[in-house]
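This briefing introduces the strand arrangement of one structure to a reader who has not seen it before. Please look over the sequence and the structure first, and then follow the points below.

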Amino acid sequence: MHTIKVSLVYATREKQWIYDATVDRGTSALELLQQSGFLNEVADLVAVPFNQLDFGVFSQKVEHDHLLEEGDRVEIYRPLTADPKEVRRQLARMGKTMGAK
């Protein structure tokens, strides 16, 4: 069977985890996550059911069953802690914008 090289990444403000792997062609994003050990090693992911995690490949959201291609960088997205629209509304009320100091 043909193998491909891929990566899985997860990041917080404090740290990032990168798992580089050579996997069989036909491996899914979810299978890569399961192989990585992140579900046991990364405190933020230990208690989260894997079906509640969102993935992306190069910033494009993909489903768990997305079949990986050579060179894919699978990203595990953290849940939003604040609604971006609400944050913009609150900043606008104070006369500020996103990115303004």
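Two strands are counted as paired if DSSP finds at least two bridges between them. With that in mind, Ser7 can be placed opposite Asp20 in E2, in a model that is predicted.

**The sheet as a whole**
- Five strands make up an open sheet with mixed pairing, and their order across the sheet is E2-E1-E5-E3-E4.
- The edges are formed by strand E2, which covers residues 16–24, and by strand E4, which covers residues 60–62, and each of these pairs on one side only.
- From one strand to the next, the twist averages 30°.

**The helix on the sheet**
- Helix H1, made of residues 29–36, packs on the sheet, where it touches E1, E2, strand E3 (54–57) and strand E5 (73–77).
- The direction of helix H1 makes about 115° with that of E2.

**E1 and its pairing with E2**
- Strand E1, which spans residues 3–11, pairs with E2 in the antiparallel sense, and nine bridges link the two.
- E1 and E2 form a hairpin, with four residues lying between them.
- Thr3 has Asp24 in E2 as its bridge partner, while Ser7 stands opposite Asp20 in E2.

**E1 and its pairing with E5**
- E1 and E5 run parallel and are joined by three bridges.
- Leu8 stands opposite Val74, which belongs to E5.

Note on methods: Residues are numbered from 1 along each chain as its sequence is written. This is a predicted model: local features need pLDDT of at least 70, side-chain atom pairs count only at pLDDT 80 or more; totals for chains, interfaces and linings use all residues. Side-chain values use heavy atoms; hydrogens and water are left out. Axes are lines fitted to C-alpha atoms, for helices over the stretch in contact, and angles run from 0 to 180 degrees between N-to-C directions. Contact means heavy atoms within 4.5 Å.
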